[in-house]
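Here is a quick tour for anyone opening this structure for the first time. Take a look at the picture, then read on.

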Amino acid sequence: MDPFSLGYLGAGLGAGLAVLGAGLGIGRLAASALEGSARQPEASGDIRTTMIIAAALIEGAAFFGLIVCILMAIK
């Protein structure tokens, strides 16, 4: 096994972990936001805004991880 194939393997595993982590994070975020909206319906607008901002930050971190993995595969 040459070093290039190990790099591709590492990039693939890293990309999979980045996407898996982002999916789990957004799932937990949405579950908590829905639970909070169910408990306090009058605060659902604020909860939704906070959830969207947090989801964007999670997606940004996942995107950064994917870019690093793509760079690993290219180099």
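## Before we start

Two terms come up a lot below. When residues are said to pack against something or to be in contact, their heavy atoms lie within 4.5 Å of each other. A residue is called buried when its relative accessible area is under 20%. Keep in mind, too, that this is a predicted model.

## The two helices

Let's begin with helix H1, which covers residues 3-39. Its 37 residues should span 54 Å at 1.5 Å a residue, and the end C-alpha atoms are indeed 54 Å apart, so the two values agree.

Helix H2 takes in residues 44-74, 31 residues in all. From its first C-alpha to its last it reaches 44 Å, close to the 45 Å expected at 1.5 Å a residue.

## How they sit together

How do you describe a pair like this? Two packed helices are described by the angle between their axes and the distance between the axes. Here the axes of H1 and H2 come within 8 Å and cross at roughly 175 degrees. Angles over 145 degrees count as roughly antiparallel, so H1 is roughly antiparallel to H2. As for what the contact of H1 with H2 is made of, its residues divide into 20 nonpolar, eight polar and one charged.

Which residues of H1 are buried? They are Ala11, Ala18, Ala22 and Ala33, and the buried residues of H1 pack against H2. Over on H2, the buried residues include Ala55, Ala62 and Cys69. The buried residues of H2 pack against H1 in turn.

## Two alanines up close

Ala33 is a handy place to zoom in. This residue lies in helix H1 and has a relative accessibility of 11%, so it counts as buried. Leave aside the neighbours within four places in sequence, and Ala33 is in contact with Ile47 and Met51. Along the chain, Ala33 and Ile47 are 14 residues apart, yet their C-alpha atoms are separated by 6.2 Å.

Now hop across to Ala62, found in helix H2. Its relative accessibility is 9%, so Ala62 counts as buried. Which residues does Ala62 touch, leaving aside its neighbours within four places in sequence? Ala62 is in contact with Ala18 and Ala22, both of them among the buried residues of H1. Gly21 is also worth finding: Ala62 and Gly21 are 41 residues apart along the chain, while their C-alpha atoms are separated by 7.6 Å.

## Further along H1

Gly36 also lies in helix H1. At 21% relative accessibility, Gly36 counts as partly exposed, because buried means under 20%. Gly36 and Ile47 are 11 residues apart in sequence, and from C-alpha to C-alpha they are 7.4 Å apart in space.

Ser37 has its place in H1 as well. Setting aside its neighbours within four places in sequence, Ser37 is in contact with Ser44 and Ile47. Ala62 is another story: Ser37 and Ala62 are 25 residues apart along the chain, and their C-alpha atoms are separated by 26 Å.

## A salt bridge

How many salt bridges does a search of the whole structure find? It finds one. Arg39 forms a salt bridge with Glu35, and the closest N and O atoms are 3.1 Å apart. Both Arg39 and Glu35 lie in helix H1, four residues apart, which is about one turn of the helix.

Are these two residues buried or exposed? Arg39 has a relative accessible area of 65%, so it is exposed. Glu35 has a relative accessibility of 44%, so it counts as partly exposed.

Notes
Residues numbered from 1 in each chain as written. Predicted model: local features only at pLDDT ≥ 70, side-chain atom pairs only at ≥ 80, totals over all residues. Heavy atoms only, no water. Expected span 1.5 Å × (residues − 1). Buried < 20%, exposed > 50% of the residue type's maximum accessible area, 1.4 Å probe, protein only. Salt bridge = Lys/Arg side-chain N within 4 Å of Asp/Glu carboxyl O. Axes fitted to C-alpha atoms, helices over the stretch in contact; angles between N-to-C directions. Parallel < 35°, antiparallel > 145°, perpendicular 65-115°, else oblique. Nonpolar A, V, L, I, M, F, W, Y, C, P; charged D, E, K, R; others polar.
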